[in-house]
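User: Hi! Please take a close look at one part of this model, the packing of its side chains, and walk me through it slowly. I would like to follow it from the outside inwards.

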Amino acid sequence: MKAIRNNIPNAITSLNLLFGCLACIAAFHCSETMCGTDLKGYQWAFIFIALAAVADFFDGLVARLLHAVSNIGAELDSLADLVSFGLAPALVLYNIMLQQGAGHWALVSLLLPVFGAIRLARFNVDTNQTTTFTGLPIPANAIFWIGFTSWYATYPTPLWMVIVLIVALSLLMVCNLRMFSLKMHNLSSLKQNWAQYLQVVATVAFLVLMGLKGLAPAIMLYVLLSIIKREK
């Protein structure tokens, strides 16, 4: 029974990886409707990435509740995150770039999983990233690209701008900028948690006004607030 209990979090993490793999498959059917629905492949990829994020949230929670935290679980979690939040959104972007006529420049999108892997490797050996993060967390990278590719699939965007964004997000994942966590230990302290509250309210507003496209400016705001908070 103990062996089964200890592997429940790993099973949930494996679901994260499975959903990430399904998102990668859906990414190569960006312009096609899938699963007998009106949703296109890139939209199914977003759904699978969202399901991966749910699994990513619960695997750590369950591990703590069952006292089943392990080094293997941490490594498996990073491998799953790389696929679900690094490779999957990059492949969605890659295929949409091809549709928009980017040609071989679409390969630049593969910088995202490469720098995502570096970011995860650094996270695994850094014991200081508990209440804050060093560099943009890879799930935030996925959230940005879900928002941006929702826009890009509908509205053509200059190729140079897309490449600049890819390079910028890649570098943000490995930079030394301290970025705040949305976890709040003292909910009543507005002075301490002002950035978290503003981020949540603004993200809801972006989603209401722009739909999924609002996720891109929400992450841009997150970076800006982290810079401001660091300066104070």
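Analyst: Happy to. A helix here is a DSSP run of H or I that spans at least four residues, and helices are numbered from the N terminus. Please keep in mind that this is a predicted model.

Let's begin on the outside. L209 sits in helix 7, which covers residues 190-210. Exposed means over 50% relative accessible area, and L209 reaches 71%, so this leucine counts as exposed. L209 also belongs to a nonpolar surface patch of about 590 Å², which it makes together with L182, V200, V204, V208 and M210.

Another outside position is C35, in the loop between helix 1 and helix 2. C35 is exposed because its relative accessibility is 54%. The backbone deserves a glance here as well. Most residues other than glycine have a negative phi. C35 is not a glycine, yet its phi is positive, at about 60°.

A step inwards brings us to L87, a residue of helix 3, which runs over residues 71-99. With a relative accessible area of 29%, L87 is partly exposed. Setting aside residues up to four places away in sequence, L87 touches C24, L82 and P113. P113 is 26 residues away from L87 in sequence, while the C-alpha atoms of the two are 5.0 Å apart.

Now for the buried positions, where the cut-off is under 20% relative accessible area. T13, in helix 1 (residues 2-27), has 3% relative accessibility and so counts as buried. Beyond the residues up to four places away, T13 touches D59, L76, D77 and A80. The C-alpha atoms of T13 and A55 are 6.3 Å apart, although 42 residues separate them along the chain.

S109 is a buried loop residue: its place is between helix 3 and helix 4 (111-125), and its relative accessibility is 0%, so it falls under the cut-off. The contacts of S109, again without residues up to four places away, are A90, L93, Y94, M97 and I166. Please remember L93, as this leucine comes back below.

N141, in helix 5, also has a relative accessible area of 0% and is therefore buried. When neighbours within four places are left aside, N141 is in contact with F85, G86, P89, L112, L136, L169 and M173. L136 is another name to keep in mind.

That leads us to the aromatic residues. A pair of aromatic rings is described by the distance of the centres and the angle of the planes. The structure holds 9 such pairs. One of them joins Y42 and F46, with ring centres 5.6 Å apart and planes at 75°, so this pair is edge-to-face. Y42 and F46 lie in helix 2 (residues 41-65), and because they are 4 residues apart, about one helical turn separates them. Y42 is buried at 13% relative accessibility, and F46 is buried at 7%.

Another pair joins F148 and Y152: the ring centres are 5.5 Å apart and the planes meet at 35°, so this pair is tilted. F148 and Y152 belong to helix 5 (residues 138-152), where their spacing of 4 residues puts them about one helical turn apart. F148 has a relative accessible area of 7% and is buried, and Y152 is buried with 1%. Ring pairs also extend beyond these two residues, linking F144, W145, F148 and Y152 into a cluster.

F148 then takes us into the nonpolar core. The largest nonpolar core has 55 residues, and the members that touch the most others are L93, L136, W145 and F148. Helix 3 gives the most to this core, with 9 residues. Outside its neighbours within four places in sequence, F148 is in contact with L93, T157, V162, L165 and A216.

The residues we set aside now fall into place. L93 is in contact with F148, and L93 is also touched by S109 from the loop between helix 3 and helix 4. L136, meanwhile, is in contact with N141. W145 and F148 appear in the ring cluster as well as among the core members with the most contacts to other members.

Terms used
Residues numbered from 1 in each chain as written. Predicted model: local features only at pLDDT ≥ 70, side-chain atom pairs only at ≥ 80, totals over all residues. Heavy atoms only, no water. Patch = residues over 30% accessible without salt bridge, like charges linked within 9 Å, V, L, I, M, F, W, Y side chains within 5 Å. Areas by Shrake-Rupley, 256 points an atom, 1.4 Å probe, with all protein chains shown as cover. Salt bridge = Lys/Arg side-chain N within 4 Å of Asp/Glu carboxyl O. Helix = DSSP H or I, 4+ residues; strand = E, 2+ residues; numbered from the N terminus. Buried < 20%, exposed > 50% of the residue type's maximum accessible area, 1.4 Å probe, protein only. Contact = heavy atoms within 4.5 Å. Phe/Tyr/Trp six-rings, centres within 6.5 Å; stacked < 30°, edge-to-face > 60°. Core = buried A, V, L, I, M, F, W, Y, C linked by side-chain atoms within 4.5 Å.
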